[in-house]
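Please look over the model shown here, with attention to one helix position, the nonpolar packing and the open space.

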Amino acid sequence: MSGKHSERANGDNQSAGHVVIETPTKRDGAALWRIAHDSQKLDLNSSYAYLLWCVDFADTSIIARVDGEIVGFVIGYRRPAEPEAALVWQVAVDASQRGRGLAGTLLDELFGRLVDAGVRYLDTTITPDNQASIRLFSSFAERWNATLERSRLFESDDFPDEHEPEDLFRIGPLSRV
(Lines give C-alpha, C1' and ligand atoms only; values in the text may rest on other atoms or scores of the structure.)
Protein backbone atom coordinates (compact mmCIF):
# COMPACT_ATOMS: atom_id res chain seq x y z
CA MET A 1 0.00 0.00 0.00
CA SER A 2 2.86 2.37 0.62
CA GLY A 3 2.65 5.44 -1.54
CA LYS A 4 -0.91 4.87 -2.67
CA HIS A 5 -3.25 7.79 -2.31
CA SER A 6 -6.52 9.10 -3.58
CA GLU A 7 -8.17 12.47 -3.64
CA ARG A 8 -11.68 13.25 -2.55
CA ALA A 9 -13.35 16.56 -3.16
CA ASN A 10 -14.30 18.19 0.10
CA GLY A 11 -18.02 18.93 -0.04
CA ASP A 12 -17.82 22.02 2.16
CA ASN A 13 -17.22 25.29 0.33
CA GLN A 14 -15.73 26.84 3.47
CA SER A 15 -12.78 24.47 3.28
CA ALA A 16 -9.95 25.20 0.89
CA GLY A 17 -8.55 22.36 -1.16
CA HIS A 18 -9.27 18.69 -1.52
CA VAL A 19 -8.91 15.84 0.91
CA VAL A 20 -5.95 13.67 -0.06
CA ILE A 21 -6.00 10.20 1.48
CA GLU A 22 -2.73 8.31 1.74
CA THR A 23 -0.61 5.87 3.70
CA PRO A 24 1.31 7.47 6.59
CA THR A 25 5.08 7.69 6.76
CA LYS A 26 7.51 8.38 9.59
CA ARG A 27 7.33 12.13 8.97
CA ASP A 28 3.59 12.05 9.80
CA GLY A 29 3.87 10.67 13.36
CA ALA A 30 4.17 14.04 15.11
CA ALA A 31 1.06 15.38 13.37
CA LEU A 32 -0.96 12.31 14.39
CA TRP A 33 0.13 12.80 18.00
CA ARG A 34 -0.91 16.49 17.86
CA ILE A 35 -4.37 15.69 16.48
CA ALA A 36 -4.94 13.04 19.18
CA HIS A 37 -3.63 15.41 21.86
CA ASP A 38 -5.78 18.31 20.68
CA SER A 39 -8.93 16.15 20.66
CA GLN A 40 -8.84 16.11 24.48
CA LYS A 41 -11.04 13.00 24.24
CA LEU A 42 -8.78 10.23 22.98
CA ASP A 43 -6.48 8.17 25.15
CA LEU A 44 -3.20 9.80 24.22
CA ASN A 45 -0.35 7.45 23.41
CA SER A 46 3.28 8.52 23.60
CA SER A 47 4.68 10.48 20.66
CA TYR A 48 6.98 7.51 20.10
CA ALA A 49 3.96 5.23 19.64
CA TYR A 50 2.58 7.41 16.82
CA LEU A 51 5.95 7.27 15.05
CA LEU A 52 5.90 3.48 15.34
CA TRP A 53 2.32 3.34 14.01
CA CYS A 54 3.40 5.29 10.94
CA VAL A 55 6.40 3.03 10.34
CA ASP A 56 5.43 -0.46 11.49
CA PHE A 57 1.67 -0.31 10.88
CA ALA A 58 1.51 1.92 7.81
CA ASP A 59 -0.23 -0.80 5.80
CA THR A 60 -3.12 -0.87 8.29
CA SER A 61 -3.33 2.88 8.81
CA ILE A 62 -4.41 5.86 6.73
CA ILE A 63 -4.22 9.66 6.87
CA ALA A 64 -6.09 12.57 5.30
CA ARG A 65 -4.55 15.87 4.27
CA VAL A 66 -6.14 19.16 3.31
CA ASP A 67 -3.81 21.75 1.79
CA GLY A 68 -0.84 19.62 2.79
CA GLU A 69 -1.77 19.43 6.48
CA ILE A 70 -2.85 16.17 8.14
CA VAL A 71 -6.43 16.56 9.33
CA GLY A 72 -7.40 13.00 10.20
CA PHE A 73 -6.21 9.47 10.63
CA VAL A 74 -7.11 5.88 11.37
CA ILE A 75 -4.45 3.67 12.91
CA GLY A 76 -4.78 -0.06 13.34
CA TYR A 77 -3.13 -3.42 13.01
CA ARG A 78 -3.87 -6.97 11.90
CA ARG A 79 -4.55 -9.14 14.90
CA PRO A 80 -1.71 -11.68 15.23
CA ALA A 81 -3.97 -14.53 16.36
CA GLU A 82 -6.58 -13.65 13.71
CA PRO A 83 -4.92 -12.24 10.58
CA GLU A 84 -8.32 -11.98 8.89
CA ALA A 85 -9.21 -9.28 11.46
CA ALA A 86 -7.83 -5.76 11.70
CA LEU A 87 -8.26 -3.84 14.93
CA VAL A 88 -8.81 -0.10 14.63
CA TRP A 89 -6.80 1.39 17.49
CA GLN A 90 -7.67 5.04 17.04
CA VAL A 91 -9.66 7.34 14.77
CA ALA A 92 -9.15 11.09 14.97
CA VAL A 93 -10.25 14.08 12.92
CA ASP A 94 -9.03 17.63 13.45
CA ALA A 95 -11.68 19.99 14.86
CA SER A 96 -11.60 21.98 11.58
CA GLN A 97 -12.86 18.94 9.65
CA ARG A 98 -15.36 17.34 12.04
CA GLY A 99 -18.94 16.84 10.94
CA ARG A 100 -18.01 16.32 7.29
CA GLY A 101 -17.90 12.52 7.20
CA LEU A 102 -14.12 12.30 7.05
CA ALA A 103 -13.81 9.55 9.67
CA GLY A 104 -16.23 7.34 7.73
CA THR A 105 -14.45 8.08 4.46
CA LEU A 106 -11.11 7.09 6.02
CA LEU A 107 -12.55 3.84 7.38
CA ASP A 108 -14.10 2.98 4.01
CA GLU A 109 -10.88 3.70 2.12
CA LEU A 110 -8.69 1.78 4.59
CA PHE A 111 -10.93 -1.26 4.73
CA GLY A 112 -11.36 -1.28 0.97
CA ARG A 113 -7.61 -1.79 0.83
CA LEU A 114 -7.56 -4.29 3.69
CA VAL A 115 -10.38 -6.41 2.27
CA ASP A 116 -8.34 -6.69 -0.92
CA ALA A 117 -5.48 -7.95 1.32
CA GLY A 118 -7.61 -10.66 2.99
CA VAL A 119 -9.12 -8.85 5.99
CA ARG A 120 -12.71 -9.96 6.66
CA TYR A 121 -13.41 -8.31 10.04
CA LEU A 122 -13.02 -4.85 11.52
CA ASP A 123 -12.54 -4.94 15.29
CA THR A 124 -12.43 -1.93 17.57
CA THR A 125 -12.99 -1.17 21.23
CA ILE A 126 -15.29 1.59 22.43
CA THR A 127 -16.28 2.74 25.91
CA PRO A 128 -20.03 2.28 26.49
CA ASP A 129 -20.68 6.04 26.72
CA ASN A 130 -18.86 7.05 23.52
CA GLN A 131 -21.92 7.61 21.35
CA ALA A 132 -19.98 9.31 18.52
CA SER A 133 -17.74 6.27 18.01
CA ILE A 134 -20.67 3.88 18.34
CA ARG A 135 -22.48 5.82 15.58
CA LEU A 136 -19.34 5.90 13.40
CA PHE A 137 -18.81 2.13 13.51
CA SER A 138 -22.53 1.31 13.31
CA SER A 139 -22.73 3.42 10.14
CA PHE A 140 -19.68 1.64 8.76
CA ALA A 141 -21.38 -1.73 9.32
CA GLU A 142 -24.51 -0.49 7.55
CA ARG A 143 -22.55 0.88 4.56
CA TRP A 144 -20.68 -2.42 4.24
CA ASN A 145 -23.86 -4.49 4.76
CA ALA A 146 -22.08 -6.36 7.57
CA THR A 147 -23.09 -7.65 10.97
CA LEU A 148 -21.98 -5.76 14.07
CA GLU A 149 -21.45 -7.82 17.22
CA ARG A 150 -20.72 -6.17 20.57
CA SER A 151 -19.25 -7.82 23.65
CA ARG A 152 -17.37 -6.69 26.76
CA LEU A 153 -13.61 -7.01 26.31
CA PHE A 154 -12.21 -5.20 29.35
CA GLU A 155 -13.83 -4.34 32.66
CA SER A 156 -12.89 -1.18 34.57
CA ASP A 157 -10.94 -3.21 37.11
CA ASP A 158 -8.76 -4.67 34.34
CA PHE A 159 -7.07 -1.26 34.02
CA PRO A 160 -4.39 -0.01 36.43
CA ASP A 161 -5.90 3.48 36.38
CA GLU A 162 -9.38 4.94 36.28
CA HIS A 163 -10.72 3.78 32.95
CA GLU A 164 -14.16 2.89 31.74
CA PRO A 165 -14.84 -0.60 30.47
CA GLU A 166 -14.14 -1.24 26.79
CA ASP A 167 -16.54 -3.11 24.54
CA LEU A 168 -15.28 -5.02 21.52
CA PHE A 169 -17.15 -4.24 18.31
CA ARG A 170 -16.65 -6.82 15.55
CA ILE A 171 -17.95 -5.94 12.10
CA GLY A 172 -18.05 -8.48 9.32
CA PRO A 173 -17.66 -10.47 7.33
CA LEU A 174 -16.50 -7.68 5.03
CA SER A 175 -16.46 -8.00 1.27
CA ARG A 176 -16.62 -5.75 -1.75
CA VAL A 177 -20.18 -5.21 -2.89
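## A glycine in a helix, the cores and the pocket

Gly104 has its place in helix α3, in a model that is predicted. With a relative accessible area of 9%, Gly104 counts as buried, because that value falls under the 20% limit. Leaving aside neighbours within four places in sequence, Gly104 is in contact with Leu136 and Arg143. Ser139 lies 35 residues away from Gly104 in sequence, yet the two C-alpha atoms are 8.0 Å apart in space.

The helix that holds Gly104 also gives the most to the largest nonpolar core, with eight residues from α3. This core has 32 residues, and those with the most contacts inside it are Leu107, Phe111, Leu122, Phe137 and Leu174. Two or more residues each come from β2 (19-22), β3 (62-66), β4, β5, α3, β6, α4 and β8 (166-172). Apart from this core lies another, of 15 residues, including Leu32, Ala49, Trp53 and Phe73. Beyond its neighbours within four places in sequence, Phe111 is in contact with Ala86, Val88, Val119, Tyr121, Leu122, Phe140, Trp144 and Leu174.

The largest pocket holds about 1300 Å³ of space. Of the 39 residues that line this pocket, Leu42, Gln90, Val91, Asn130 and Ser133 are the closest to its centre. Strand β5 provides the largest share of the lining, seven residues, and the make-up of the lining by class is set out below.

| Class in the pocket lining | Count |
|---|---|
| Nonpolar | 17 residues |
| Polar | 14 residues |
| Charged | eight residues |

Key
Residues are numbered from 1 along each chain as its sequence is written. This is a predicted model: local features need pLDDT of at least 70, side-chain atom pairs count only at pLDDT 80 or more; totals for chains, interfaces and linings use all residues. Side-chain values use heavy atoms; hydrogens and water are left out. On a 1 Å grid over the protein atoms alone, a cavity is a set of points where a 1.4 Å probe fits but cannot get out, and a pocket is an open set with protein on both sides within 12 Å along at least five of seven lines; lining residues have an atom within 4 Å of a point. Grid points are joined across faces, edges and corners, and a volume is the space filled by probe spheres set on the points. Helices (H or I, at least four residues) and strands (E, at least two) are DSSP runs, numbered from the N terminus. Ala, Val, Leu, Ile, Met, Phe, Trp, Tyr, Cys and Pro count as nonpolar, Asp, Glu, Lys and Arg as charged, and the others, Gly among them, as polar. Buried means under 20% relative accessible area, exposed over 50%, partly exposed in between (1.4 Å probe, protein chains only). Contact means heavy atoms within 4.5 Å. A nonpolar core is a set of buried Ala, Val, Leu, Ile, Met, Phe, Trp, Tyr and Cys residues joined through side-chain atoms within 4.5 Å.
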